[in-house]
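Here is a walk through the model on your screen, one chain at a time. Keep the viewer open and follow along.

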Amino acid sequence: MKNKRFNRSTCYKIFAVAVITILAIAFAFPLYWIITGSFKTSAAINATTPQWWPEEWVMANYQKLFSRQVAPLWEIHIPFTGIQFAGPSVPAAIRWLLNTVFMAVVAMLLTCATAAMAGYALAKKRFLGRTIVFSLIVCAMALPKQVILIPLLREMASLQLYNTIWAVIFPIVGWPFGVFLMKQFSEGIPGEMMEAAKIDGAGEWKTFYTIALPLIKPGIGALAIFTFINSWNDYFMQLIMLTSTKNLTIPLGIAKLQAENAMDFGLIMAGASLASIPIIIIFLIFQKYFTKGITMGAVKG
Amino acid sequence: MAASKKNPMSKALVRRETIAGYAFMLPSLVFFLGFVIYPMVQCIITSFFDATMNREDIFIGFANYAELFQDTVFLGALRNTAVIVIVSVPVVCIFSLWVSSVIYDLKGAACSAFRCIFYLPVVTGSVAVTVVWKWMFNNYYGIFNYVGTSTGLLDKNINWLGDEKYALGCIILILLTTSVGQPIVLYVSALNNVDQSLVEAAEVDGATKIQCFWRIKWPQIMPTTLYILVITTINSFQCFALIQLLTSGGPNHSTDTIMYYIYYNAFKLYRYGYGNAMGVVLAIIIAVLSAVQFKLAKKD
Amino acid sequence: MKKRKIMAMALSCLMVLSAVGCGNDSQGGNASGSATNTNASAGGGTTSQGSTQAEGAEITLWTYPIGKWGDAATVDGLIASFNAAHPEIKVTVEYLDYSNGDDQINTAIEGNQAPDIVLEGPERLVANWGARGLMVDLADLWTDEAKGAIYASVESACKGNDGVYYEYPLCMTAHTMAINRDIFEAAGAMQYIDEASGTWTTDNFIKAVKAVYDSGQANVGAVYCNGQGGDQGTRALVNNLYGGTFTNAEHTEYTANSEENIKALELLLEMEGINYDASIVGGDEINMFCNGTLAMAFCWNVSQEKNNLDKISFDVLPMAFPSTGDPKLCGGIWGFGIFNNGDEAKIAAAKTFIDFMANDEKQAVESVKASSYWPVKDLGNIYEGDDLMTEYSKFVPYMGDYYQVVGGWAEARTAWWNMLQQIGAGTDVKTAVEEFVTTSNAAAKAQ
């Protein structure tokens, strides 16, 4: 009896793994196609019968991508003086990559810093108006940014932030999902530990810094990953807020490439490879943390 | 909460807590109020105006809202948005739970490899992925038609993205592939963290695998499920790039979502007030849904 | 302890402020204009202090892909020759595409960063942004000399209903269609075509498409209906087949619901080998024609052939749209318009730029050549010895009425695509066309 059940479950397992393997191939296919496609000749790409493996490897698509437009690698503006310095001219795609990394990293850091503090306060401080603030946060949490598209655009224009990377970063930081998440994590901080710290004479900041922060670290990790990937892929805000070639991000850059060269797939795929490879490398390196982050602090409702 | 009710806090303590609370909240509130609440208020105000490019806004009361509910495209977009969320959220959850339950106890690198592969579309980014999908769905030489007709599954080429019957389905399919990555990663870790002693005890008592799953594992991964529900709902509502890049809401508005239709009204028809009215309606719906979801989750 | 807390708070506030500060100066910094040593600056500054004199003015030029005006290498060359004559004016160029270009400019307008100069046609410069009061009156450029030189039909298209000039034209062309001559020849369909004049009658068009379809080419042509660009191709096709019109002669009302147009749309729906394809845009159609998937392209003109030479491995035969009478081709008139960004110095600099590009004797030829279209005034035979240009020049006389200046154009264009999509999806042609005309006329009235 027991043996029979064991067999049945083994059969199921083998069957399921087989199905998942097929699905995995399907999931890996787009990336595979992008990377191999970026090395194909245009004849091979446009062939009506798909060429599964490039017969001839060429760098032409990357050469084309890098020779298209140029932008300064970096620019520094000294506030209030009007003096500015620009880096050497590089292919625009490199600048886009840099912009995107900058945007995602800054958005991630700001979000984690502000959300950790706010989440801690919401969970552990009994201040007036807490319920109202928290209700607002819950209601706004799932709000798509398209809803406030026009007012946000006008606001950025009047703050003179339109067409700067900050116009993309600030709304991401403002999005209250992070605060919600950190509040849920902070609920788990034992009150006794905080009491003990207080008795030892620790101030508010020290209590937060030495007691709360280490406990919610996994949560911060989870939020960091979530924010990084979401802002990297936040095509919409980038589309609305950025116009100059040198201010574009890589997803936006590829979308533009696609529109300009409707079917120069090789060029588009070269751009797409450039966009996805760095983030995949980041993912592979930090994979452990990606998975560790969220599990440890189980999220409570 | 219970503790504070037993020993009512002194006024001084309340003040201290309030100051500290807001001090900790401040950086976050600056951004939240500045870039979410303020525009939202603006959005509500303009929704009562006939606003367009480079002209003084004209107050028209509830006319935008009145028009909304007679606009078949808007109602269609509302339906499409609902379809996307209602289909993708459960499918993502069930699919990722199933995949994770199969792969989480695989030996060696297999689990990690699967996890990575399912995460790939997420990190590749929807714009890059869209490029390939557009080609795969191509009416004339796309891979679906190529494989379909050469294996005899299809009689003739199907215009996947150009046909009202299929376009929304195609969008949802792509959305699914870019959404399941994170849930799978989360479920795999959650399942690995299930208290093994409980599982073993249940097995000794003669519980079947299925009973074991629902009675022991499921309650333990509940928090993960809730988190996944929330992020998947958020992601599904934000589905914009796929639509803008693949179908522009067409054919015949069959893939319009509210999010895209707002953009469409703003920058193709220059109807800012009308677009904002749509935004307000959507915001109310989402706020109510989030609040209900949160209340329900809290009860559990 | 208190100190630390305060410090922490101060730090976090500082972080916020510094972030804002950085953002601000990356904008304001370059606008103040002094001591800039960068080689590329942000799109048109929003603040204008410091750049009130014409010298040192920085202007932005956004171009739609009009021939090689969409190509950075070519445009850099043109800007270089401008800077040789006017080193004091710095021009930054951004390249737009037809699928997102309009949205991009519209967001930029709302973002207070509209470009100074845009290179496009009257349907956008005059009928859209001009009519919305966003453009500068170009009366100073339209001198009597200019009025005398520029063809009258072009001049009237560059004027708004209010009589103000919002565009200074550079080049023009007649949009044609094209066929894959190799496929047509193999199918024995060349007998239906008057190759010398590049024309065919509607009946012959039907016969030719049938012959090609029967020869095994399942996809002869596609009425692309997904996107923003290339609408002139589908419009001209529909209008020409049975001699319908798009607007009335005064350009005040849309007349696409006439019997002729309905008949044409129904014909296209019935014809085997031609399908309404809602999954592709004009650009996709061109590419599918170039790679041999489709045997005809409706979104065509000389620069398409020029720009895609390396992709085409067959004989392209440009054709006028099939018609019952003389074909009436849709014209394209491209030129410059200036957005009113409220900075006189920039406007003056922009005018200097336009004047140089379009009127300087030597430069005008180069500017027009870059577009690979024809000049809007007599510049002599600038394409001497260019066979391709000579081949296409025979279509210029077929240019029809330039009706794209009708009101509500932006909305009408959007509605046009939707109408084609509806027809393709099986909506009754008459219903769809009526809806289009109602929507468009309402938009025209509202403007």
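## Ground rules

Domain bounds here come from an automatic or database domain assignment. What you have is a predicted model, in which local features need pLDDT of at least 70, side-chain atom pairs count only at pLDDT 80 or more, and totals for chains, interfaces and linings use all residues. Residues are numbered from 1 along each chain as its sequence is written, while chains are lettered from A and ligands numbered from 1 in the order in which they are written.

## Chain A: two domains

In chain A, the assignment gives domain 1 as 2–37 and domain 2 as 60–296. Their centres, taken over C-alpha atoms, sit 34 Å apart. Where they touch, 4 residues of domain 1 of chain A are in contact with 6 of domain 2 (a contact means C-beta atoms, placed from the backbone, within 7 Å). The domain 1 side of that patch has 3 nonpolar, 1 polar and no charged residues. For these classes, Ala, Val, Leu, Ile, Met, Phe, Trp, Tyr, Cys and Pro count as nonpolar, Asp, Glu, Lys and Arg as charged, and the others, Gly among them, as polar.

Chain A holds 13 helices and 4 strands; helices are DSSP runs (H or I) of at least four residues and strands (E) of at least two, numbered from the N terminus. Its C-alpha trace spans about 85 × 75 × 35 Å along the principal axes. The radius of gyration of chain A is 24 Å, whereas a compact globule of 301 residues would come out near 19 Å (taken over C-alpha atoms; the globule rule is 2.2 Å times the number of residues to the power 0.38). Of the 301 residues, 54% count as buried: buried means 20 or more other C-beta atoms within 10 Å of a residue's own, exposed means 12 or fewer, and partly exposed is in between, with C-beta atoms placed from the backbone. Among chain A contacts with a separation of 6 or more, 70% join residues 24 or more positions apart.

## Where A meets B

The contact between these two chains takes 78 residues from chain A and 84 from chain B. On the chain A side, helix α13 (residues 265–296) gives the largest share, 14 residues. By class, that side has 59 nonpolar, 12 polar and 7 charged residues.

## The nonpolar cores

A nonpolar core is a set of buried Ala, Val, Leu, Ile, Met, Phe, Trp, Tyr and Cys residues joined through C-beta atoms within 7 Å. Which members of the largest one, with 183 residues, touch the most other members? They are Ile169(A), Met182(A), Ile254(A) and Ile171(B). Helix α4 (residues 92–124) of chain A supplies the largest share of this core, 17 residues. Leaving aside neighbours within four places in sequence, the contacts of Met182(A) include Ala115(A), Tyr120(A), Ile216(A) and Leu223(A). Another core lies apart from that one, with 142 residues, among them Leu134(C), Ile179(C), Leu237(C) and Phe336(C).

## Chain C: strands

Ile179(C) belongs to strand β5 (residues 176–180), where 5 of 5 residues are buried. Thr176(C), Ala178(C) and Asn180(C) point one way from β5(C), and Met177(C) and Ile179(C) the other. Strand β5(C) pairs antiparallel with β8 (residues 296–300) over 3 bridges, and with β9 (residues 316–319) over 4 bridges; pairing needs at least two DSSP bridges between two strands. Ile179(C) stands opposite Met296(C) in β8(C), and Asn180(C) opposite Val316(C) in β9(C).

Chain C also has an open, mixed sheet of 6 strands, in the order β2-β1-β3-β10-β4-β11. Its edge strands are β2 (90–95) and β11 (374–375), each pairing on one side only. Within it, β3 (residues 117–120) and β10 (residues 331–338) run antiparallel over 4 bridges, with Glu120(C) partnered by Gly335(C).

## Chain C: domains

Chain C splits into domain 1 (58–172 + 332–393) and domain 2 (176–328 + 407–446), with centres 28 Å apart over C-alpha atoms. Their contact takes 14 residues from domain 1 and 12 from domain 2. On the domain 1 side, α15(C) gives the most, 4 residues, and the classes there are 7 nonpolar, 4 polar and 3 charged.

Finally, find Lys445(C) in helix α17 (residues 429–446). Lys445(C) counts as exposed because it has 11 C-beta neighbours inside 10 Å.
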